[in-house]
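Student: I would like to learn how to read a structure that is new to me, taking one feature at a time. Could you guide me through it?

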Amino acid sequence: MKQRVTLLHPEYTYIDGSGLNATHGRELVGKPALEKRVTASLSELPPELRNLPLWSNTHELHIRWVSSEYHEPPTTFASRLPSGLHVFFTPSARNESYNPCLLLTYLFDRDMRCSSPAESFSRPPILSERFSASSAYQFYQPLPRIFRFQLSMGLFFCTSAENSTSNVSRDASSEHNRTVSDLSRESTNTSAGYVHENLSARHKCMEHAVSLAYASYLDIDYDAISGSVTATAFWSSELARPAVERGSRVLVSDSDSLELGLFVPEKAEEAEELKIGGYVIMVEEDEEPSPVLFSFPSRHHPLPSSSPATFVASFLQPTGLHPNLELTLPRQHLLPPKDDGSCALHVYLTLPSALFLDRYQLSDPAYLASQNLIALRSLSGEQDLEAPDWVIKRWGSAALIELAHPANISSDQRNANWTVTIPTHLRYLRPQPNDTTPGYTTLDIPWPIMFWACEATEGLKMHTNPFDRVNLGYDGLFGPKTMFYHIPPSTSRGQVLVEKLTVPVLEPSWAGIVQWGTLFALLGGFLWVCWGLAKAAGVGELWTGRSSGRDEHDKKQ
């Protein structure tokens, strides 16, 4: 089993390699971001996990969970995804009907809307034939916390005692109720050594499980070719300290290898590369940390300092049955990160089944231009325009939309905002009571992500990036040499990147009245049509008879 712990300090921070001494506990200095990665072969997993049928029936599985709390990732970890649980799955050729939903509901959420890949998952389109990392199925579930996964980790990895899960549950719940500021104040005088011999292995493992309550994102990857499972967790600089306090005491056995790294971003010589410097030590192998300085190409980048754009997402009020998602950006900073003409501005949305996009509406060039949109590049998932939400089986839909941006910015427009409007449509929701606002309910819609997609120079080897992050859903819609410059969300609207959308819904007490009213309306309309037809037929016969009588009278005269 291989473990890797990376501390990345802000740029221009002075670091001391002695802080990585693996034999004595030391305090956490500064505000670094933290990444932990564990790679294990199937034979190194606990028996309960090693014998799962998942491994023999899966070609690849990628699980991405992102917290709804805002975090500012450093340059090395610049990739983004909408908050929630994302699953990308490809079954093996031997058993394409394998169903991972039972395992997913057990690990993450027992109320997950997942029955089988054929019914609940969507199939992302392949827009670039050269990109081979796109999975066959995609699934999404809003999930603000991963307490159930923490319980599972405590059950399978930490101890076989009866009270293992209850201890993890109690610790995780108590940590959730305490504020980050309280934890930060407590951590100023707390030692944060990476190896602590006085702690038992069980206690160390439980601390790791609890520390996931502060994680900004969690990735789990498996592919049949390598036959290994990789779990990666990341904590932003705001939450790394309490995570280190609770879970930095790593587990090292005779068969494990542990690499600790302490880095600071450096100025890269090439615009398409990232560069970091610092110290690395192999625990129980090296006596002293080794200084390192290396650069590598990266597919994910933050925006250049010359164009510090941010965006705000909100729904226009009142929403009604056709909510319009409005994205607002500063016009003066909306400049492509590269001036070679290869960059295009995109937004990637994951909409729950209650909302959907109309691809026919988004195919009208005149309408797209009026909303500052260019084209709907990809739409996968549920696209039925008439079905109510309670008959929908798929999780929802994912969309990639190319946005327009101002070509020329005059001096009088520099302080103005650039607004993009994306029309969505609400499905009829199941009737439900609401004592606070009768006739309305609230939907949690994650903020989309926004980025510039630019062509990279030929010959770049993205896989040499030790922190590379792929299989994010939208990257499979582009070629392998695409670079993503991410536009961060604005924090002026709060720290939670989930929009609360209030939409109309039928009150259960009115359900009977609506049913009978609909029946009477249909019956009345039917009778009115029949009466109209009968009246028209009778008037025609009467007019025909009068006309014949006048003709005979004229002939006699």
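Tutor: We will look in turn at a nonpolar core, at salt bridges and at a single loop residue, keeping in mind that this is a predicted model.

Student: Where should I begin, and which residues of the largest nonpolar core touch the most other members?

Tutor: The general idea is that in soluble globular proteins nonpolar side chains tend to be buried together. Here the largest nonpolar core has 75 residues, and F108, F121 and F451 are the ones that touch the most other members. Strand 8 (residues 257-266) supplies the largest share of this core, five residues, while domain 1 (2-160 + 199-300) and domain 2 (312-509) each contribute at least three.

Student: What does F108 touch, leaving out residues up to four places away in sequence?

Tutor: With those left out, F108 touches I63, L85, L143, I146, R148 and F149. Apart from the largest core lies another one, of 49 residues, which includes W418, I445, C454 and V503.

Student: How many salt bridges does the structure hold, and what parts does the pair R299 and D468 tie together?

Tutor: To read a salt bridge, look at the two side chains that meet, and then at where each one sits in the chain. The structure holds 15 salt bridges, and in one of them the side chains of R299 and D468 come together at 3.0 Å, N to O. R299 belongs to the loop between strand 10 (290-297) and strand 11 (300-302), and D468 to the loop between strand 21 (449-455) and strand 22 (482-487), so this pair ties together parts that are 169 residues apart in sequence. Both R299 and D468 are buried.

Student: In the salt bridge of D340 and K338, which residue is buried and which is partly exposed?

Tutor: The side chains of D340 and K338 meet at 3.6 Å, N to O; D340 is partly exposed, at 46% relative accessible area, whereas K338 is buried, at 17%. Elsewhere, salt bridges with shared partners join R4, E35 and R37 into one network. Within that network, the closest N and O atoms of E35 and R37 are 3.8 Å apart; E35 is buried, with a relative accessible area of 2%, and R37 also counts as buried, at 19%.

Student: Is Q371 buried or exposed, and where does it lie?

Tutor: For a loop residue, consider its place, its accessibility and its partners together. Q371 lies in the loop between helix 9 (365-370) and strand 16 (373-381), and because its relative accessible area is 17%, Q371 counts as buried. The side chain of Q371 makes a polar contact with the side chain of S370 at 3.3 Å, and, leaving aside neighbours within four places in sequence, Q371 is in contact with T419, V420 and T421.

Conventions. Residues are numbered from 1 along each chain as its sequence is written. This is a predicted model: local features need pLDDT of at least 70, side-chain atom pairs count only at pLDDT 80 or more; totals for chains, interfaces and linings use all residues. Side-chain values use heavy atoms; hydrogens and water are left out. Helices (H or I, at least four residues) and strands (E, at least two) are DSSP runs, numbered from the N terminus. Buried means under 20% relative accessible area, exposed over 50%, partly exposed in between (1.4 Å probe, protein chains only). A polar contact is a pair of N or O atoms within 3.5 Å; within protein, one must be able to donate a hydrogen and the other to accept it, and residues adjacent in sequence count only if both atoms are side-chain atoms. Contact means heavy atoms within 4.5 Å. A salt bridge is a side-chain nitrogen of Lys or Arg within 4 Å of a carboxyl oxygen of Asp or Glu. A nonpolar core is a set of buried Ala, Val, Leu, Ile, Met, Phe, Trp, Tyr and Cys residues joined through side-chain atoms within 4.5 Å. Domain bounds come from an automatic or database domain assignment.
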